[in-house]
Amino acid sequence: MPIKVTVIYRDTAEGVRAQADAVAAVAWNTGADVRLRRLPGARTENPQPEHPQGEDPKAEQPHTEQAHADPKPDPPATARDLSWADVIVLGAPARDREVFTLLRSLADSATASATESAAREMRNEWERRSAQQVFAVFVTTPAPGTRHGGLIHSFAITYRPAPGSPDPAPQRSITTLTPTPADDPTLLSLDLARIQTRRCVELAAALRAARTLPV
C-alpha cells in the first residue's frame, strides 16, 4: 500500500504555495498518494507571485498535474486529512515556523464546525495516528528575484521511533538552506524540498514496516 502524504500550506505572497506544490510533486513521484491542502483560514488570494512585465506567467507555474488541471484554490485541510496520512508536511513563512502552533491551529480549525462528540472523536483518532506519523515543516523567506518569489529556508522532520526501538524519544532533525554567492538559490531550495520529502516518505515506509514485523 502506498505511503500517504498530506501537504498543508499557509498561503502568502512569499512563495509558500509554490514550494508546497513542489513538495507534493516530489512525494507523488515516489509513488505516494498525495493530498495538497491549505491551512483553514489562510489567505488564498494571489497564490503565485507577480510576474515581471513581458514574462509568460504560464511558464512559471509549478509543473504538476494538479496545478494545470485544477486552477481553483486547494481545499482546506480537515481532521480527516491528518488521520489519513502517514506523512504530514506543513509549509509556512518564517514568522510561523513553530510547528506545534501550526498543528494546534489546524486541529482547532478542522474540528470547529463539528459537534462536540464528533470533534472529540476526530481528535482522539488523530492523536492515535500521530504516534505512527512522520511530521515535517518547511519555512520560507521572501526572495523577490527568484522564480517563485520565495525560498525554503529550512526543512525540519520529527517522528517517533517504532515500538521496541532502543531510543523511544521523538527524533528531530532540521536542514537549513545556506547558499553561497555562486549558488542558484532556487535550485538549492528545490533540492532541499526533494531530499527532505523523499526522506519523509522513506522514514514513513520504514516505520510502517517495523510496526508490521512480528515481535
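**View 1. Arg208, a buried arginine in helix H6**. In this predicted model, Arg208 counts as buried because its relative accessible area is 18%, under the 20% cut-off. The residue is found in helix H6. What does the side chain of Arg208 meet there? One of its polar atoms lies 2.5 Å from the backbone oxygen of Met1. For the backbone oxygen of Pro2, the distance to a polar atom of the Arg208 side chain is 3.4 Å. Leaving aside residues up to four places away in sequence, Arg208 touches Met1, Pro2, Ile3 and Asp86.

**View 2. Helix H6 from end to end**. H6 takes in residues 185-212, 28 residues in total. From its first C-alpha to its last it reaches 41 Å, close to the 40 Å expected at 1.5 Å a residue. At the N-terminal end, Asp184 acts as a cap, with a side-chain oxygen 2.9 Å from the backbone nitrogen of Thr186. Thr186 is itself one of the buried residues of H6, and others include Ser189, Leu192, Ala193, Gln196, Cys200, Leu203 and Leu207. An α-helix has 3.6 residues a turn, so residues three or four places apart point the same way. Which elements cover the buried residues of H6? The cover includes strands S1, S3, S4, S5 and S6, along with helix H1.

**View 3. The largest nonpolar core**. This core has 31 residues, and Val5, Val89, Val134 and Phe155 have the most contacts inside it. At least two residues each come from S1, H1, S3, S4, S5 and H6. H6 gives the largest share, seven residues. A second core, separate from this one, has eleven residues, including Ala77, Ala85, Ile88 and Ala156. In soluble globular proteins, nonpolar side chains tend to be buried together.

**View 4. Val134 and its neighbours**. Zoom in on Val134, again not counting residues up to four places away in sequence. Its contacts include Asp86, Val87 and Ile88, then Ile157, Thr158 and Tyr159. Val134 also touches Cys200, Leu203, Ala204 and Leu207, and these four are among the buried residues of H6. Val134 is also the bridge partner of Val87.

**View 5. Strand S1, buried on both sides**. Six of the six residues of S1 are buried, so the strand is largely enclosed by the rest of the structure. In a regular strand the side chains alternate between the two faces of the sheet. Here Lys4, Thr6 and Ile8 point one way, while Val5, Val7 and Tyr9 point the other way. Which strands pair with S1? S2 (residues 33-38) runs parallel to S1 and is joined to it by six bridges, with Asp33 as the bridge partner of Lys4. S3 also pairs with S1 in the parallel sense, over five bridges, and Val5 stands opposite Val87.

**View 6. Strand S4 between S3 and S5 pairings**. Seven of the nine residues of S4 are buried, so this strand too is largely enclosed by the rest of the structure. Do S4 and its partners run parallel or antiparallel? With S3, the pairing is parallel and covers seven bridges. With S5, nine bridges join the two strands, which run antiparallel. One pair to look for is Pro142 opposite Gly150 in S5.

**View 7. Helix H1 under cover**. Twelve of the 14 residues of H1 are buried, which leaves the helix mostly covered. The buried set includes Val16, Val23 and Val26, plus Arg17, Gln19 and Asp21. The end C-alpha atoms of H1 are 20 Å apart, and that agrees with the 20 Å its 14 residues should span at 1.5 Å a residue. After H1 comes Gly31, with a positive phi near 100°.

**View 8. Stepping back to the whole chain**. Six helices and six strands make up the secondary structure, in the order β-α-β-α-α-β-α-α-β-β-β-α along the sequence. Of the 215 residues, 45% are buried. Taking contacts between residues at least 6 apart in sequence, 72% join residues at least 24 apart. The chain exposes about 11600 Å², and carbon and sulfur atoms supply 53% of that.

Note on methods: Residues are numbered from 1 along each chain as its sequence is written. This is a predicted model: local features need pLDDT of at least 70, side-chain atom pairs count only at pLDDT 80 or more; totals for chains, interfaces and linings use all residues. Side-chain values use heavy atoms; hydrogens and water are left out. Buried means under 20% relative accessible area, exposed over 50%, partly exposed in between (1.4 Å probe, protein chains only). Contact means heavy atoms within 4.5 Å. Accessible areas come from the Shrake-Rupley method with a 1.4 Å probe; for residues, only the protein chains shown count as cover. The expected span of a helix is 1.5 Å times one less than its number of residues. A polar contact is a pair of N or O atoms within 3.5 Å; within protein, one must be able to donate a hydrogen and the other to accept it, and residues adjacent in sequence count only if both atoms are side-chain atoms. A nonpolar core is a set of buried Ala, Val, Leu, Ile, Met, Phe, Trp, Tyr and Cys residues joined through side-chain atoms within 4.5 Å. Two strands pair if DSSP finds at least two bridges between them.
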